[in-house]
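User: I am new to this structure and would like a close look at a single part of it. Please take one strand and its surroundings, then place it beside a few other parts.

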Amino acid sequence: MEEVRQVVRPGVSDADLVDVIAAAEVVKRALGAVQAEATAALTVSVRAAEAAAGVPAAKRGRSVGPLVAAARRVSPHQGGRLVGAALALVEDLPQTLSALRSGVIEEWTATRVVQAAVCLGRDDRGRVDAGLAAEFRRPGVDAAAIIGSATALAQQIDPIAAVARARKAANERCVTVRPAPDTMTYVTALLPVAEGVAVHAALLKAASEHAATRAPGDERGRGQVMADTFVQRITGRDPSTEAVPVVVHLVMDTDTLLNAGDVSASIPGHGPVPAAVARELLACAAEAGLASVRRLFTAPDPSQLVALESRQRAFPDGLAAFLRARDQRCATPWCEAPIRHLDHVEPHARGGPTSAANGQGLCEACNHTKELPGFSSTRDPRTGVRTLRLPTGHTSASSPPPVLGHPVLPEVEPPGTEAFLRHAPFLAA
């Protein structure tokens, strides 16, 4: 693969560099088709083996999503979606799969085509796929046009199914939170279109009213007013004048707390927070009488919290809070979902203790997945590294994020291209 590394080198013309970027993009898209075909074949193989083993039909194939997730280094939830998309592409949408293989579309676009056709029967999915064939051949076709055409075709072929799908989607409305850069957070609401537009219109109206009655010294722009109104109407607290109640699931070392250090604090589920910002949060909350501090001590390595233990099977409140602060998100490699369940690495039924060393935070899906045949996990009590073993014999490892923002272990580099080709020699040619 040395030749590949030497493609980008000093002296290569701009035109050649553009050609390299274009060719690499086509290869990336073609590999998406290879992954889809391999995923579909794996699904067929696993289901056949489980059928031979007497696994009920309704339970066959549940392990495929986690297997694909581990191989592609994504969350198990995303792994399941990739399995569904791969099966639809290979079995029902040959034109779309061909467009992906030839580099006309990218994997995300192919997945959106699958989503547009998923509410249809198998024959009708083929009709949508056939209807897109001309679209794939159109010069300069873009993702939005392809997705729009797929959606329109699906709605025309079976309008009743389209309406039923829209009504079902309303049942999946939800609100999620995830970290954003610079100590910010994304709060996302998935709503039916009417409600979503109404929420945005109400916030725009509040911003307009603020602009017309702006108090002296209030320099907030429209976006800031909309964000503050959003917080105020949900929490009942004016973010511009009232402090945030802080029950300190804000992990800080002593020097940072006492204004003597610059070591980052950490908010479980969000990540590192600059020391000065953490002190501001505490100071404002304390001034308003809204601060409550739980003492979580660190080991000699300041990025690890000390262990706690209980004789109960269930994790008591203090130990549960400790595990959530330590793990911060689901312990399954690449999952990163919020913690919903606290569980024993070594099952309690087999003598596993209820302790920090044997405890782990998992999302609901991963907690159920680890009970599937062939899955097992271990945790190194010294380093905190959790190793998940898959039914195929593969393993993947993860460790909790640094509690105070320090790197704990040297970062493990993913396998290089040569290592990958040793396991996939059919791609080397």
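Analyst: A residue is called buried when its relative accessible area is under 20%, exposed when over 50%, and partly exposed in between. The model is predicted. By that cut-off, every residue of strand β10 (residues 359–362) is buried. The strand has two faces: Gly359 and Gly361 point one way, while Gln360 and Leu362 point the other way. Strand β10 pairs with strand β8 (residues 341–344) in the antiparallel sense, over four bridges. Within this pair, Leu362 of β10 has His341 opposite.

Helix α3 (residues 64–72) can be set beside the strand. Seven of its nine residues are buried, so the helix is largely enclosed by the rest of the structure. The buried ones are Val64, Gly65, Pro66, Leu67, Val68, Ala69 and Ala70. They pack against the helices α2 (14–52), α4 (76–92) and α15 (364–369), and against strand β13 (395–398). After α3 comes Arg73, which has a positive phi, near 60°.

The surface offers another view. Val175, Val177, Val187, Phe230 and Ile234 make a nonpolar patch of about 470 Å² there. Strand β1 (174–180) and helix α11 (222–235) each supply at least two of the patch residues. Phe230, one of the patch residues, lies in helix α11. The relative accessible area of Phe230 is 31%, so this residue counts as partly exposed, whereas the residues of β10 are buried.

Methods
Residues numbered from 1 in each chain as written. Predicted model: local features only at pLDDT ≥ 70, side-chain atom pairs only at ≥ 80, totals over all residues. Heavy atoms only, no water. Buried < 20%, exposed > 50% of the residue type's maximum accessible area, 1.4 Å probe, protein only. Contact = heavy atoms within 4.5 Å. Patch = residues over 30% accessible without salt bridge, like charges linked within 9 Å, V, L, I, M, F, W, Y side chains within 5 Å. Areas by Shrake-Rupley, 256 points an atom, 1.4 Å probe, with all protein chains shown as cover. Salt bridge = Lys/Arg side-chain N within 4 Å of Asp/Glu carboxyl O. Pairing = 2+ DSSP bridges.
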